[in-house]
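Please look over the model below with the following notes beside it. They take up the enclosed spaces, then the strand pairings, and they are meant to be read with the structure open.

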Amino acid sequence: MRKWWKEAVGYQIYPKSFYDANGDGVGDIRGIIEKLDYLQDLGVNLLWLCPVYKSPMDDNGYDVSDYYGIAPEFGTMDDFRELLQEAKERNIKIIMDLVLNHTSDEHPWFQAACQESSPYRDFYIWHPGKPGGKEPNNWGSFFTPSCWEWHEPSQKFYMHIFSKKMPDLNWRHRPMREKLYEMARWWLDLGVDGFRVDAVAHLERQWDLADSSKSGHGPYREDWGKFSNLPKVHEYLREMHEEVFSKYDIVTVGEVGGDAGIDAALNYAGPGSNQLDMVFTFDHCWMNRGWNSYESGWHNRTDLYWLKQTFKKWQTGLYGKAWNPLYWLNHDHPRVMSQYGDPENFPKESGKMLATALMFMWGTPFIYNGEEIGMTNPNYEELSDYKDQSTMEKAQRLLDAGHDPKLVKRYIQTTSRDNSRTPMQWDDGAGGGFGSQTPWIKMNPNYKQVNAKQQILDKDSLYHYYKKLIALRRASHYKDVMVYGDFALFDEFHPNIFAFTRHYQGMTLLVACNFFAETAYLGLGPLALKEEVASNYPDANVYEGTLCLRPYEAVVYELKN
């Protein structure tokens, strides 16, 4: 079935780092409004905004203190209404982050819940703990060693699977759920076009709260299975779909981590699930051993075989059953140019190759702000330049354990969530054109070489290549095969080339991407080339049924029937 969101091209905006219109060092809603023409020119027509709700910003807005208010540093509700209207006039739809797992500890609900007699008490998860003042169990948090925090006035612990300032909501409590449904309807009635549902896999807990037996080095266990992808989550989402989502022509995208596979994704977004339209997973994000770089001695190189197998799993496992969102990175991951590209030696070629692979796969693509100009990890020399709480807590734990500070720095440079949160690089002037004041986080030093102004002027730039591919996907002879065609790996075990075909109603495309800096050859076998669709080099080399792909070269051909 055709849907507007299947044919859209998405663009994720991290508001704090996109554009600072009022000169206070923080990106804002008016900054997004001022850059709508840039986004329209690029060709994207679906914007995903990270949280702009009122928040103390312990976790950059994912700690919501008022679901109905806009954070003052981002602007006002009038600014947001203007953004919706200006985007609508450009045929751009907007979805918001919907944070359902937790609130800020400064939210009025939690402030009231600190009183045991309050009707809000059961909005959160409380426990007296074990004898001797010990935590209820040994579960670890994503951010801190323990997912429990002691609340002295109550003489009880509350649960938080993220920051201790982000207490978890109790989804067993129907009155709490009704408050969230009411809030979601309010935003949809205001005019937003859907939601990216944050941490949706974590809405349920194993309520026996039994200790994890998972192995580990410390007292706490990173056992996400205790609060990830449990069966009851689907009951909650079906209820929310029935009472909220089904009433509107919107799109819902769930963030589903925690070892979710194809079956789990189909439970959320498959036929008759009546929960979500599609789900983000993270399987492809660390296929260069970056996450384990501390142990691997920094010998990071794309594991192309497993990257191809991962894409194959999702491309073929969901095709015809559910819809697939595509992305290289988001606000929680390092920059794709630093993960899988070669920004030092082949910035243009590798950036375009990665764009080709993304835009020609099956699903709705989402570009992260700055990806279209090839932004990279900043590689800060000082750990103090990083601002993300989870990054700093991770670094401190490693240092406290006696690890070499140089290795800790390199590990943080590789993995920090701040890698994708540096300010958007608009030009080569002071502050990279982000704003008139020093930004909230240090600008990547390479903004003089990598910026939007330079790329817009250069017709052979990565920006213009993205623009071309977006145009092909949205309105060209190849639109249907790019959006709705099936996916099949070609020469599946080739060590250097990611090649696949897309087929739909008599048209077939061959996509071939060299992921490395060495020339590689792809035999075409029975395939016959009809015409070139896209290429990141000015001329493609085909010799007697063989493609010669230079460093990071990518080509797309329509095949003869």
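In sorting residues by class here, Ala, Val, Leu, Ile, Met, Phe, Trp, Tyr, Cys and Pro count as nonpolar, Asp, Glu, Lys and Arg as charged, and the others, Gly among them, as polar. The model under discussion is a predicted one.

1. Cavities. The structure holds 2 cavities of 30 Å³ or more, and the largest of them encloses about 140 Å³ of space. The lining of this largest cavity is made up of 14 residues, of which Thr281, His284, Phe311, Asn324 and Pro325 are the closest to its centre. By class, that lining comprises 9 nonpolar, 4 polar and 1 charged residues.

2. Elements around the largest cavity. Which elements each supply at least two residues of the lining of the largest cavity? They are strand S11 (278–280), helix H9 (304–318) and strand S12 (325–327).

3. The second largest cavity. This cavity has about 40 Å³ of space, and the residues that line it are Tyr14, Pro15, Lys16, Cys50, Pro51, Met57, Asn60 and Phe74. Sorted by class, the lining of the second largest cavity divides into 6 nonpolar, 1 polar and 1 charged residues.

4. Strand S5 and its parallel partners. Strand S5, which spans residues 93–99, is mostly covered, with 6 of its 7 residues buried. Strand S2 (residues 46–49) runs parallel to S5 and is joined to it by 4 bridges, while another 4 bridges join S5 to strand S9 (residues 194–198), again in a parallel arrangement. Met96 of S5 is worth locating in the display, for Met96 is the bridge partner of Leu49 and also stands opposite Phe195 in S9.

5. The five-stranded sheet. An open sheet of 5 strands, paired antiparallel, follows the order S14-S15-S16-S21-S18. Strand S14 (486–490) and strand S18 (529–535) each have a single partner strand, so these two stand at the edges and one side of each is left without a neighbour in the sheet. From one strand to the next, the twist of this sheet averages 25 degrees.

6. Inside the five-stranded sheet. Strand S15 (residues 497–504) and strand S16 (residues 507–514) run antiparallel and are joined by 8 bridges; within this pairing, His503 stands opposite Thr508 in S16. Helix H11 (residues 347–359) lies across S15, S16 and strand S21 (554–559), and the helix runs at about 145 degrees to S16.

7. The three-stranded sheet. A further open sheet, of 3 strands with antiparallel pairing, has the order S17-S20-S19. Why is one side of strand S17 (520–523) and of strand S19 (541–543) left without a neighbour in the sheet? Each of the two has a single partner strand and stands at an edge, so there is no neighbour in the sheet on one side of it. The twist in this sheet averages 25 degrees from one strand to the next.

8. The pairing of S19 with S20. These strands run antiparallel, and 3 bridges join S19 to strand S20, which covers residues 546–549. A convenient place to inspect the pairing is Asn541, whose bridge partner in S20 is Cys548.

Note on methods: Residues numbered from 1 in each chain as written. Predicted model: local features only at pLDDT ≥ 70, side-chain atom pairs only at ≥ 80, totals over all residues. Heavy atoms only, no water. 1 Å grid on protein atoms, 1.4 Å probe; cavity = no way out; pocket = protein on both sides within 12 Å on 5 of 7 lines; lining within 4 Å. Points joined across faces, edges and corners; volume = space filled by probe spheres on them. Pairing = 2+ DSSP bridges. Axes fitted to C-alpha atoms, helices over the stretch in contact; angles between N-to-C directions. Contact = heavy atoms within 4.5 Å. Buried < 20%, exposed > 50% of the residue type's maximum accessible area, 1.4 Å probe, protein only.
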